[in-house]
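Visitor: Hi! I'm new to this one, could you walk me through it?
Guide: Happy to, let's bring it up.

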Amino acid sequence: MNAGLIGAILAFLPALIANPLAVVTGGGTPIDGGRKIGGRRILGDGKTWRGLIGGGLTGAVISILFAYGISSFIDIYPGSNRSYLIIFSLSFGALTGDIMASFIKRRIGKKRGAKTPFVDQYDFVVGAFVLTAITAPDWIIETYLSGDGWIALVILIIGIPLLHRIVNIIGYKWGFKNEPW
Ligand code: CTP
Ligand code: MG
């Protein structure tokens, strides 16, 4: 069923919360195990297994509870097992995008935590859309690319840098993040 404009925006929740939850749950062994390519870290100490698994799972679980909680008001996912697939793809896709961005940042010589405009705001958005477009292409098309879906997409694309900024300032003030970006 068509989730409508609000539903299409709310459906993106797993991607929005996965990264902040990775910040909260992260730390410990880095995914790259400290390995380097050409003298530079593959990913860096900012990308850890705990952050990936912890952020991905908690992001998905919270989103599932949220979707159940509001399901009597609005349907944001198609229902059945496909909903879980979509939710997990959005949360782990977001974190995969973030990891890919770190890979690129290290290759161009940026140190862990260095500010990288545009990339920092959109890496997880691209990752979430790409992974979900692979696992549930028809849902992406139906929700964001047909009818009024593009409006939700535009609202997300415009709103996310603002949301990202606010969340990161809070994360920094509360001592979860080393930088306010
Ligand atoms: N984090 C983690 N594992 C992940 C993603 C994030 O442990 N997969 C934690 C790390 O403690 C990281 C913090 O969340 O430092 C903030 O995430 P982010 O800003 O993405 O990492 P940076 O430290 O800025 O590193 P990079 O320059 O590689 O983005
Ligand atoms: Mg960063």
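Visitor: How do helix 5 and helix 6 sit relative to each other?
Guide: Helix 5 and helix 6 cross at roughly 120°, and they are therefore oblique to each other. Their axes come within 5 Å. Please keep in mind that this is a predicted model.

Visitor: Which residues meet there?
Guide: From helix 5 you have Phe129, Thr132, Ala133, Ile134 and Thr135. In helix 6 their partners are Pro137, Trp139, Ile140 and Tyr144. By class, this contact has 7 nonpolar, 2 polar and no charged residues.

Visitor: What about helix 5 and helix 4, at what angle do they pack?
Guide: The angle is about 135°, with the axes 6 Å apart. Helix 4 covers residues 80-107. Helix 4 and helix 5 are therefore oblique to each other, and their crossing is right-handed.

Visitor: Who makes that contact on the helix 4 side?
Guide: Among them are Leu85, Ile86, Ser89, Leu90, Phe92 and Asp98. Helix 5 answers with residues including Val119, Asp120, Asp123, Phe124 and Leu131.

Visitor: And how do the residues of that contact divide by class?
Guide: The contact of helix 4 with helix 5 divides into 10 nonpolar, 6 polar and 4 charged residues.

Visitor: You mentioned Asp98. What does a polar side-chain atom of Asp98 lie 3.2 Å from?
Guide: That would be an oxygen atom of ligand 1. So Asp98 appears twice here, in the contact of helix 4 with helix 5 and beside the ligand.

Visitor: Ah, a ligand! How many residues surround ligand 1?
Guide: There are 16, and the closest are Lys47, Thr48, Ser102, Arg112 and Gly113.

Visitor: How far is the polar side-chain atom of Thr48 from the oxygen atom of ligand 1?
Guide: For Thr48 the distance is 2.6 Å. There is a backbone partner as well: a polar backbone atom of Gly46 is 3.1 Å from a nitrogen atom of ligand 1.

Visitor: Back to the helices, then. How do the axes of helix 5 and helix 7 cross?
Guide: They cross at roughly 140° and come within 9 Å, with helix 5 spanning residues 119-135 and helix 7 residues 149-173. That angle makes helix 5 oblique to helix 7. The crossing is right-handed.

Visitor: Which residues touch in that pair?
Guide: Helix 5 brings Asp120, Gln121, Tyr122, Phe124, Val125 and Phe129, while helix 7 brings Leu153, Ile157, Ile160, Pro161 and His164. By class, that gives 8 nonpolar, 2 polar and 1 charged residues.

Notes
Residues are numbered from 1 along each chain as its sequence is written. Chains are lettered from A and ligands numbered from 1 in the order in which they are written. This is a predicted model: local features need pLDDT of at least 70, side-chain atom pairs count only at pLDDT 80 or more; totals for chains, interfaces and linings use all residues. Side-chain values use heavy atoms; hydrogens and water are left out. Axes are lines fitted to C-alpha atoms, for helices over the stretch in contact, and angles run from 0 to 180 degrees between N-to-C directions. Helices (H or I, at least four residues) and strands (E, at least two) are DSSP runs, numbered from the N terminus. Angles under 35 degrees count as roughly parallel, over 145 as roughly antiparallel, 65 to 115 as roughly perpendicular and the rest as oblique. A crossing is left-handed if the near helix is turned anticlockwise from the far one by less than a right angle, and right-handed if clockwise. Contact means heavy atoms within 4.5 Å. Ala, Val, Leu, Ile, Met, Phe, Trp, Tyr, Cys and Pro count as nonpolar, Asp, Glu, Lys and Arg as charged, and the others, Gly among them, as polar. A residue is near a molecule or strand if one of its heavy atoms lies within 4 Å of it. A polar contact is a pair of N or O atoms within 3.5 Å; within protein, one must be able to donate a hydrogen and the other to accept it, and residues adjacent in sequence count only if both atoms are side-chain atoms.
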